[in-house]
Amino acid sequence: MPSPKPADFKFMDDAQYEQLCALVVSDFAEHGKAVEVVDGAVIVNGDALRPFGLYNVAAACAKDAEETWKATVAGHFRQVRLAVEEGESLARLSERFEDVRDILLPRIYEKSKLLGYRQEELYARNDLEGTKTFVAFDMPTSTTLVNRSYTKTWGKTDAEIFAVAMENLGKRPMVPTEIDRERPGQTVYFFDGDVFTSSLALRVADGQEWVGPFGALVVVPNRNRLIVHPIEGFDSGRVYEILGPYAWKEHSTSPGAVSPFVYWFYKGTFTAYGSLDEKGLLVPMVPEKLTRLLRGEEH
């Protein structure tokens with residue numbers, strides 16, 4: 001029997017969670033591995049120091065019929081095994097900084113999803129409230145956070161490593177997959193793609209069309225989506241009325257959740273737009289500085 005369903009697995013009930021865990025145990029058994037499922041993580045052959053999280057595969061299964069879950073689980077952990085193999089080769093490859101500099105990228109994670117990591121061993125900084133930005137290796141089938149055990153021979157400071165990661169992010173296409181121009185002053189840009197799409201929020205200032213005279217509203221509910229609205233005036237209030245609930249819902253139900261907030265981006269700084277109540281629901285709260293700007297009381 002697995003331990004009880006974790007509280008953040010809101011997308012499935014207890015019986016479904018038990019069914020998922022049984023499929024996971026069966027899949028590993030087919031590969032000659034004994035596993036235990038504890039607190040939403042898979043411990044293989046008693047190695048509690050290197051667990052595999054179940055959240056993403058559970059969220060993926062919850063979107064489809066249960067008869068498809070076995071294939072989803074098998075496909076997910078096939079990728080996990082490939083990632084482990086990549087990690088072993090990466091340890092050798094990363095001895096020389098020049099051999100890995102082109103695969104360094106910043107990735108934004110929700111803070112609560114990183115409680116099991118020894119974060120002092122990673123390269124991290126704070127860009128958006130409720131999240132942390134880490135430097136990661138962008139491998140063909142996986143993403144691995146850069147651990148300081150890899151970088152002992154690099155001779156680079158934290159700032160230099162982040163600078164290279166941001167330089168690489170700047171080379172990635174930043175093209176909207178959809179643009180909503182239905183109402184004047186309420187244009188919204190949607191970006192969708194891979195696990196680094198949310199990181200493109202760090203490049204919002206690169207495109208002047210995405211930043212209005214009063215900044216921009218920015219939403220990163222999950223790792224694969226970024227939404228940007230340039231603030232041109234009070235019409236943006238209607239956009240926030242839509243984006244606020246949307247961000248919270250997508251964050252609550254999507255794999256790879258990042259943030260339930262709408263952020264106000266202004267002069268290089270992200271400010272969380274609202275707060276979470278005791279039930280985790282978003283409570284609207286417009287930054288006072290933005291209100292003064294819109295009224296012409298501040299420059």
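**Notebook: charges and a small sheet**

I started with E18, which counts as partly exposed at 37% relative accessibility. A reminder to myself: this is a predicted model. I then looked up where E18 sits, and found E18 in helix 1, residues 14–30.

Next I asked which residues form a negative surface patch with E18. I found D13, D14, E66 and E67 listed alongside E18 in that patch. Patch members need over 30% relative accessible area. At 37%, E18 clears that bar, so its exposure fits with its place in the patch.

**Salt bridges**

How many salt bridges does a search of the whole structure find? I got 14. As background, side chains of opposite charge can pair when their charged atoms come close. I picked a few to look at.

My first pick was R101 with E98, whose side chains meet in a salt bridge at 3.8 Å, N to O. The cut-off is 4 Å, so this pair counts. I checked whether each partner is buried or exposed. R101 has a relative accessible area of 22% and is partly exposed. E98 is also partly exposed, at 48%. Under 20% would be buried, so R101 at 22% does not count as buried.

I followed this pair a bit further. Which residues are linked with R101 and E98 in a network of salt bridges? I noted E167 and K171 as the other members of that network.

My second pick was R183 and E182. Their closest N and O atoms are 3.6 Å apart, and they form a salt bridge. R183 is partly exposed at 44% relative accessibility, while E182 counts as exposed at 58%. The line for exposed is over 50%, which is why E182 gets that label and R183 does not.

My third pick was E241 with R238, a salt bridge at 3.1 Å, N to O. Where do these two lie? I found both in helix 6 (residues 236–253), three residues apart, or about one turn of the helix. I also looked up R238, which is partly exposed with a relative accessible area of 45%.

**The sheet**

Then I moved on to the strands. I found three of them in an open sheet, in the order 1-2-3, with antiparallel pairing. Strand 1 and strand 3 are the edges, since each pairs on one side only.

Strand 1 (residues 35–38) is joined to strand 2 by four bridges, and the two run antiparallel. I jotted down two facing pairs: V35 stands opposite V44, and E36 stands opposite I43. What joins these strands up as a hairpin? I saw two residues between the strands, and D39 takes a positive phi near 50° in this hairpin.

On the other side, two bridges join strand 2 to strand 3 (residues 52–53), again antiparallel. I looked up the bridge partner of A41 in strand 3, and G53 came back.

Last entry: which way do the residues of strand 2 (residues 41–44) point? I noted A41 and I43 pointing one way, and V42 and V44 pointing the other way. Are they buried or exposed? All of these residues are buried. The label buried means under 20% relative accessible area, so each of them falls below that mark.

Conventions: Residues numbered from 1 in each chain as written. Predicted model: local features only at pLDDT ≥ 70, side-chain atom pairs only at ≥ 80, totals over all residues. Heavy atoms only, no water. Buried < 20%, exposed > 50% of the residue type's maximum accessible area, 1.4 Å probe, protein only. Patch = residues over 30% accessible without salt bridge, like charges linked within 9 Å, V, L, I, M, F, W, Y side chains within 5 Å. Areas by Shrake-Rupley, 256 points an atom, 1.4 Å probe, with all protein chains shown as cover. Lys, Arg positive; Asp, Glu negative; His and termini not counted. Charge placed at Lys NZ, Arg CZ, Asp CG, Glu CD. Pairing = 2+ DSSP bridges.
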